Amino acid sequence: MELFAIFAFATCGGYSGQLQVSVDCMEKARSNLGIGIDFAYPFRLHQVSFEAPACEGIRTERVFLIGDYSSSAEFFVTIAVFAFLYSLMATIVYIFFQNKYRENNRGPLVDFIVTVVFSFMWLVSSSAWAKALSDVKMATDPDDVQLLISACKVQTNKCGSVYGPRWSGLNTSVVFGFLNFVLWAGNIWFVFKETGWHKGASRSAGGASEKQSGAFNQQPFNQGSFDQSGSYNTQGNLSQPSEYSQVGGPTSYSNQM
């Protein structure tokens with residue numbers, strides 16, 4: 001996760017872009033066909049200015065861009081930096097202090113809480129930065145920047161865009177932001193398994209299953225039982241009932257006197 005955090009804050013914090021517009025005055029000598037406008041992180045665009053011809057004499061005007069998106073950008077980069085530092089520290093603990101980490105429940109519990117917090121902060125910061133990036137793109141669109149120049153509001157003058165900023169780096173930063181959220185959120189379960197909460201729940205579930213299986217295994221053993229018809233049943237084998245009857249008549253003797 002350290003690598004993805006590095007990509008997140010590097011692609012955002014190290015960004016610088018440029019756009020260029022042109023102002024073609026009715027009097028060609030006063031035109032400027034290559035006005036370059038540079039901006040960079042943290043995207044305080046209201047502090048970015050450039051000189052544009054007024055197309056009236058040799059006078060120029062100072063024009064400022066619109067918008068301040070530093071809060072979302074700095075929040076995103078801050079979360080990325082702290083996530084990188086914590087991931088690095090956690091890796092060191094896992095490698096060199098594994099036994100001490102498992103001595104009691106405090107280490108896994110702190111790790112679990114921090115992981116949940118960082119997962120939530122990655123989601124919030126990435127969403128905020130994605131919205132801010134959309135606004136930055138609109139504020140630095142050359143077609144919109146032209147509308148800030150007074151000379152471009154006169155129909156006799158012609159204004160155009162030479163080229164706009166490249167957004168591949170900032171788009172990548174948003175992708176890495178949400179990717180970090182997925183990684184941290186997915187890691188919650190693995191960290192939770194190390195806590196006493198999960199181990200206690202596992203022991204309770206195991207004890208309950210053992211008791212339940214013991215109750216099913218304890219079945220009564222009957223040597224035999226008599227049914228109502230007088231038959232005797234021994235271990236599932238049904239014997240034929242014995243019937244006794246008295247037959248009337250004289251008793252014969254083999255030896256008679």
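Here is a walk through this structure, from the whole chain down to single residues.

The model is a predicted one, so please read each value below as computed from that prediction. The chain has seven helices and eight strands. Of its 257 residues, 29% count as buried. About 16700 Å² of the chain is exposed, and carbon and sulfur atoms supply 58% of that area. If you take the contacts with a separation of 6 or more, 67% of them are between residues 24 or more positions apart.

A good place to begin is helix 2, which covers residues 70–96. How far apart are the end C-alpha atoms of helix 2? They are 39 Å apart, and this agrees with the 39 Å that 27 residues should span at 1.5 Å a residue. Along helix 2 you will find a set of buried residues, among them Ser70, Ala73, Phe76, Val77, Ala80, Ala83, Tyr86 and Ala90. What covers these buried residues of helix 2? The cover includes helix 1 (2–13), helix 4 (106–139) and helix 6 (168–192).

Now turn to Phe75, which also sits in helix 2. Phe75 has a relative accessible area of 27%, so it counts as partly exposed. Setting aside its neighbours within four places in sequence, Phe75 is in contact with Met121, Val124 and Ser125. Trp129 makes a nice example of how sequence and space can part ways: Phe75 and Trp129 are 54 residues apart in sequence, yet their C-alpha atoms are 8.2 Å apart.

Further along helix 2 is Leu88, which is partly exposed because its relative accessible area is 40%. Leu88 belongs to a nonpolar patch on the surface, together with Ile92, Tyr94, Ile95, Phe96 and Phe97. Together these residues offer about 610 Å² of accessible area.

The UniProt record adds an annotation to compare with the model. In an unreviewed entry, UniProt places the feature "transmembrane region" at residues 75–97, 109–130 and 174–192. What does the model show at residues 109–130? That span is 100% helix and 0% strand, with end C-alpha atoms 32 Å apart. Residues 174–192 are likewise 100% helix and 0% strand, and there the end C-alpha atoms lie 28 Å apart.

Let us leave the helices for the loop between strand 2 (32–40) and strand 3 (49–53), where Pro42 is found. Most residues other than glycine have a negative phi, and most peptide bonds are trans. Against that background, the peptide bond from Tyr41 to Pro42 is cis, with omega near 10°. Phe43 lies in that loop between strand 2 and strand 3 as well, and has a positive phi of about 65° although it is not a glycine. Is Phe43 buried or exposed? Phe43 counts as buried, because its relative accessibility is 0%.

Cys55, in the loop between strand 3 and strand 4 (60–64), is another residue that is not a glycine but has a positive phi, here about 60°. Cys55 counts as buried at 14% relative accessibility, since the cut-off for buried is under 20%.

Charged pairs complete the tour. How many salt bridges does a search of the whole structure find? The search finds six. One of them joins the side chains of Glu74 and Arg44, at 3.1 Å from N to O. Glu74 lies in helix 2 and Arg44 in the loop between strand 2 and strand 3, so this pair ties together parts that are 30 residues apart in sequence. Both partners are partly exposed, Glu74 at 29% relative accessibility and Arg44 at 32%.

Another salt bridge pairs Arg62 with Glu51, whose closest N and O atoms are 2.9 Å apart. Here Arg62 is in strand 4 and Glu51 in strand 3, 11 residues apart. Arg62 counts as exposed at 53% relative accessibility, whereas Glu51 is partly exposed at 38%. Glu56 and Arg59 also form a salt bridge, with 3.4 Å between the closest N and O atoms. In that pair, Glu56 counts as exposed at 52% relative accessibility, while Arg59 is partly exposed at 47%.

Notes:
Residues are numbered from 1 along each chain as its sequence is written. This is a predicted model: local features need pLDDT of at least 70, side-chain atom pairs count only at pLDDT 80 or more; totals for chains, interfaces and linings use all residues. Side-chain values use heavy atoms; hydrogens and water are left out. Patches are made of residues with over 30% relative accessible area and no salt bridge: like charges are joined within 9 Å, nonpolar side chains (Val, Leu, Ile, Met, Phe, Trp, Tyr) within 5 Å. Accessible areas come from the Shrake-Rupley method with a 1.4 Å probe; for residues, only the protein chains shown count as cover. A salt bridge is a side-chain nitrogen of Lys or Arg within 4 Å of a carboxyl oxygen of Asp or Glu. Helices (H or I, at least four residues) and strands (E, at least two) are DSSP runs, numbered from the N terminus. Buried means under 20% relative accessible area, exposed over 50%, partly exposed in between (1.4 Å probe, protein chains only). The expected span of a helix is 1.5 Å times one less than its number of residues. Contact means heavy atoms within 4.5 Å. UniProt positions are given in the numbering used here, feature names are shortened, and annotations may be inferred rather than shown by experiment.
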